[in-house]
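I set out to record what I looked up in this structure, entry by entry. The entries follow below the display.

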Amino acid sequence: MTTTLITGGNKSLGFETARRLKEHGHRVVIGARDPERGQQAAEELGVEWVEVDVTSDESVAAAAKAVRERFGGLDVLVNNAGISGPFAGVDEFDGPSVLAVLDTNTVGVVRTTHAFLPLLRESAAPVVVNVTSGLGSFTVRGDESRIEHSLPTLGYSASKAAVNMITSVYAQFLPELRVNTVDPGYTATDFNGHSGPQTVTEGTDAIVAMATIGADGPTGTFTDRHGAVGW
Ligand SMILES: NC(=O)c1ccc[n+]([C@@H]2O[C@H](COP(=O)([O-])OP(=O)(O)OC[C@H]3O[C@@H](n4cnc5c(N)ncnc54)[C@H](OP(=O)(O)O)[C@@H]3O)[C@@H](O)[C@H]2O)c1
């Protein structure tokens with residue numbers, strides 16, 4: 001059975017990814033930084049949960065240990081946990097506000113992947129899905145017809161552009177893994193005050209597609225639910 005961990009799985013896109021991957025027959029483990037929220041979501045979904053705060057080296061190390069002890073290993077890691085940072089004018093961004101977004105969205109991906117790499121390397125079909133955003137794509141942000149073009153998301157866009165590069169480098173130097181980055185698309189969740197036009201099911205199409213590619217799937221790609229995305 002495929003064992004899958006989804007960070008930030010207690011709500012929104014992570015929660016829906018967990019629901020859908022369970023339907024696909026995965027043994028799903030949701031990661032949650034808050035034990036109460038994690039336990040409640042896991043009960044609702046009928047899946048397992050572990051405590052994991054992606055901004056803490058100790059927390060991700062403890063989560064990797066717990067997953068090994070309780071489930072014997074890991075096949076699929078979905079790096080989904082993320083924060084938006086301030087919705088503000090670019091002149092309002094300062095060092096601490098950008099650092100906080102990078103810590104969660106970018107360094108969090110490296111922390112979690114690094115901690116779970118020994119488990120993934122023992123899998124016959126190790127897969128990593130990094131949840132990025134069109135806001136982190138130079139191509140998408142450069143397209144005046146896209147909503148992403150108009151948003152001054154300085155820290156967030158930088159954090160997700162970095163996730164895309166991290167994905168590309170991991171894919172190149174870890175050929176034994178499938179590592180891909182996916183844009184859910186603008187989706188109604190707490191993240192954006194439920195302003196996005198997509199449902200969470202639509203928003204998880206690309207995540208679920210890349211979490212279920214298996215050993216022969218692509219690596220180093222950037223897709224959304226419609227297909228390839230420009231970097
Ligand atoms: N919604 C969109 O339109 C959209 C579009 C493109 C990309 N994305 C990306 O999709 C992912 C999920 O977004 P969403 O819309 O589902 O956001 P959301 O509703 O805000 O949920 C975010 C999840 O991440 C968790 N999280 C935040 N910081 C964490 C940390 N330090 N450690 C562990 N978990 C943490 C949250 O936990 P708590 O419940 O404890 O806060 C929550 O479970 C993010 O990476 C986001 O950047 C979203």
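**Entry 1. Positive phi.** I looked up His194 and found it exposed, because 10 other C-beta atoms lie within 10 Å, where 12 or fewer is the criterion. The model is a predicted one. I located His194 in the loop between strand S6 (178-182) and helix H7 (200-203). Its phi is positive, about 60°, although His194 is not a glycine.

I then turned to Ser12, another non-glycine residue with a positive phi, here about 55°. Ser12 belongs to helix H1. Is Ser12 buried or exposed? I noted it as buried, because 22 other C-beta atoms are within 10 Å and 20 or more suffice.

**Entry 2. Ligand shell.** I listed the residues around the ligand. There are 30 of them, and Gly8, Ser12, Gly82, Thr189 and Phe191 come nearest. Which helix gives the most to this shell? I found that helix H1 (residues 12-23) does, with three residues. Sorting the shell by class, I obtained 14 polar, nine nonpolar and seven charged residues.

**Entry 3. Strand pairing.** I examined strand S2 (residues 27-32) and strand S3 (residues 48-51), which run parallel and are joined by four bridges. Between S2 and S3 the chain passes through helix H2 (residues 35-45), and I recorded this β-α-β crossover as right-handed. For Gly31, I noted Val50 as the bridge partner in S3.

**Entry 4. Nonpolar core.** I next consulted the largest nonpolar core, which has 47 residues. Ile30, Val78, Val129, Ile207 and Ala211 touch the most other members. As general background, I note that nonpolar side chains tend to be buried together in soluble globular proteins.

I took Val78 for a separate check, setting aside its neighbours within four places in sequence. Its contacts are Thr4, Leu5, Ile6, Thr7, Thr17, Val129, Val131, Ile207 and Ala211. Among these contacts, Val129, Ile207 and Ala211 also appear in the list of core residues that touch the most other members.

**Entry 5. Leu135.** I found Leu135 in the loop between strand S5 (127-131) and helix H5 (138-141). Why does Leu135 count as buried? I attribute this to the 22 other C-beta atoms within 10 Å, since 20 or more is the threshold. Not counting residues up to four places away in sequence, Leu135 touches Arg141, Glu148, Leu151, Thr153, Tyr156, Ser157 and Lys160. Finally, I looked up the separation of Leu135 from Glu43: they are 92 residues apart along the chain, and their C-alpha atoms are separated by 33 Å.

Note on methods: Residues are numbered from 1 along each chain as its sequence is written. This is a predicted model: local features need pLDDT of at least 70, side-chain atom pairs count only at pLDDT 80 or more; totals for chains, interfaces and linings use all residues. A residue is near a molecule or strand if its C-beta atom, placed from the backbone, lies within 6 Å of it. Helices (H or I, at least four residues) and strands (E, at least two) are DSSP runs, numbered from the N terminus. Ala, Val, Leu, Ile, Met, Phe, Trp, Tyr, Cys and Pro count as nonpolar, Asp, Glu, Lys and Arg as charged, and the others, Gly among them, as polar. Two strands pair if DSSP finds at least two bridges between them. A crossover is right-handed if, with the strands pointing away from the viewer, the path from the first strand over the helix to the second runs clockwise. A nonpolar core is a set of buried Ala, Val, Leu, Ile, Met, Phe, Trp, Tyr and Cys residues joined through C-beta atoms within 7 Å. Two residues are in contact if their C-beta atoms, placed from the backbone, lie within 7 Å.
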